[in-house]
Amino acid sequence: MDSVLRLEHIGKKYGSKVALRDVSFEIEPGRIVGLLGTNGSGKSTLMKIAAGLVQPTEGEASVCGTPVGTNSKGLVSFMPDRPLTEPWMRVRDAVAFYRDFYADFDSAKANDMLQFLKLDLGERISTLSKGMNERLQLTLALSRAARLYLLDEPIGGVDPVARGKILDAILEFYDENSSLIVSTHLVKDIERIFDEVIFIRDGQIVMREEVEGLRMTAGKSVDEMFKEVYAE
Amino acid sequence: MSIEFDNNLPIYLQIMNYIKRQIVSGSLTPGDKIPSVRELAAELQINPNTVQRTFQELEREGIVETRRGLGRFVTSEESKIMEIKKEMAGELLDKFVQGMKELGFGKDDIVSIVTEAVETEFKEQERKSFG
């Protein structure tokens, strides 16, 4: 089967600063992949390149065989680490905004998710807590019928209980025929939802492992591996 | 359902053991329907492919069977369930005997200690049930 995402020798420089260096990998359909790295390792840049929001300096990226660009945007749903909604909006407006903007937006699914995540349509986005805002962004991202979902730090600012709720929502509402890449540095709470993990450090891929294989052969959790790889 | 996972061990083995324990303890009885991959994945907050693998292994062992269009069910074969019980008992015993050997007990000592412990335990139970 064709891969959902293919990256070939991707490099990215911001001025003279190297953000990514020769990154190549493929993601198959139906996978939940953890993109793990500490802050500043290049996770977000990589996600944005896959989403078509940042141009790589070198290399090729494609989604389901389509080169990343205008044509790939219908295939990819991106949950940014910072909200794209405007402060004047209420939850209802944000949903309507996405519905108008994306032909593949499923309003019924969005309503189910909002209910599941206990978000009120009438609430002002400016008054939402960080955790509630993440729930809203997750709803907006997963309510699109995409082939590839990119969730950039979906559990960054929430407490452990709320994290559980977000994981619940991901597993409850994700589409099993598509693939999901979740970037995070909070490995322990989330490692059990991954099929495989990709470790990125200083803009380079340093390891890629099937998580059950890692537990089986090394007797290690992803969290332990993460601490080993990133030990200073 | 609730289960404390150890992230250092394969998750599918832990879910297999968990389901086996439920069968042995009677929380799941022969012929019971078990949750779908999706339901169990969401409930345990586990990767769906891991749950899928768990079910495949349980099927391979004959503990769970798929009925087309209906879902997965606990086997109705009592002999299978007895097999699981024996397997789990074997694991407990191995661990126990190993532990006792490490403590320096010999064969006869272990037997007498076990006999005594079992007698005390059952006497206690009888005393309670007679009030």
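## A tour of two chains and where they meet

Start with both chains on screen: 20 residues of chain A are in contact with 15 residues of chain B. Keep in mind as you go that this is a predicted model. Its scores are ipTM 0.81 and pTM 0.85.

**Stop 1: the side of chain A that touches chain B**

Select residues 160-173, 211-218 and 222-229 of chain A. These are the helices α5, α7 and α8, and each of them supplies at least two residues of the side that touches chain B. Which helix gives the largest share of that side? Colour α5(A) to see the answer, since the largest share, five residues, comes from α5(A). Now colour this side of chain A by residue class: you should find seven nonpolar, three polar and 10 charged residues.

**Stop 2: a pair of helices in chain A**

Keep α5(A) selected and add helix α4, residues 130-142 of chain A. The two helices pack with their axes 11 Å apart, at an angle of about 5 degrees. Angles under 35 degrees count as roughly parallel, and α4(A) and α5(A) are therefore roughly parallel to each other.

Next, show the side chains where these helices touch. From α4(A), pick A:Gly131, A:Glu134, A:Arg135, A:Leu138 and A:Leu142. From α5(A), pick A:Ala162, A:Ile166, A:Ala169 and A:Phe173. Sorted by class, this contact has six nonpolar, one polar and two charged residues.

**Stop 3: the sheet of chain A**

Switch to the strands of chain A. Four of them form an open sheet in the order β2-β1-β4-β5, with antiparallel pairing. Which strands lie at the edges? They are β2 (17-27) and β5 (66-67), each of which pairs on one side only.

Select β1, residues 5-14 of chain A, and follow its pairing with β2(A): seven bridges join these antiparallel strands. Two facing pairs are worth labelling. A:Arg6 stands opposite A:Glu26 in β2(A), and A:Leu7 has A:Phe25 as its bridge partner there. The two strands form a hairpin with two residues between them, and in the turn you can click on A:Gly15, which has a positive phi of about 65 degrees.

Now look at how β1(A) pairs with β4, residues 58-63 of chain A. This pairing is also antiparallel, and it runs over five bridges. To find a matched pair here, label A:Leu5 and its bridge partner in β4(A), A:Val63.

**Stop 4: chain B as a whole**

Hide chain A and view chain B alone. How many helices and strands does chain B have? There are five helices and three strands. Trace the chain from the N terminus and you will meet them in the order α-β-α-α-β-β-α-α. The radius of gyration of chain B is 19 Å, well over the 14 Å that the globule rule gives for 131 residues, so this chain is more spread out than a compact globule. Along the principal axes, its C-alpha atoms fill a box of roughly 55 × 40 × 25 Å.

Then colour chain B by pLDDT. The mean is 90, and 98% of the residues reach 70 or more. Confidence is highest in α3(B), at a mean of 95, and lowest in α5(B), residues 107-130, at 87.

**Stop 5: the sheet of chain B**

Finish with the strands of chain B. Three of them make an open sheet in the order β1-β3-β2, paired in the antiparallel sense. The edge strands here are β1 (33-34) and β2 (64-67), each pairing on one side only.

Select β3, residues 71-74 of chain B, along with β2(B). Four bridges join these antiparallel strands, and B:Glu65 stands opposite B:Phe73 in β3(B). Their hairpin has three residues between the strands, and B:Gly69 takes a positive phi near 80 degrees.

Last, add helix α3, residues 48-60 of chain B. This helix lies across β2 and β3 of chain B, running at about 105 degrees to β2(B).

Terms used. Residues numbered from 1 in each chain as written. Chains lettered and ligands numbered in written order. Pairing = 2+ DSSP bridges. Contact = placed C-beta atoms within 7 Å. Axes fitted to C-alpha atoms, helices over the stretch in contact; angles between N-to-C directions. pLDDT = per-residue confidence, 0-100. Nonpolar A, V, L, I, M, F, W, Y, C, P; charged D, E, K, R; others polar. Parallel < 35°, antiparallel > 145°, perpendicular 65-115°, else oblique. Rg over C-alpha atoms; globule rule 2.2 N^0.38 Å.
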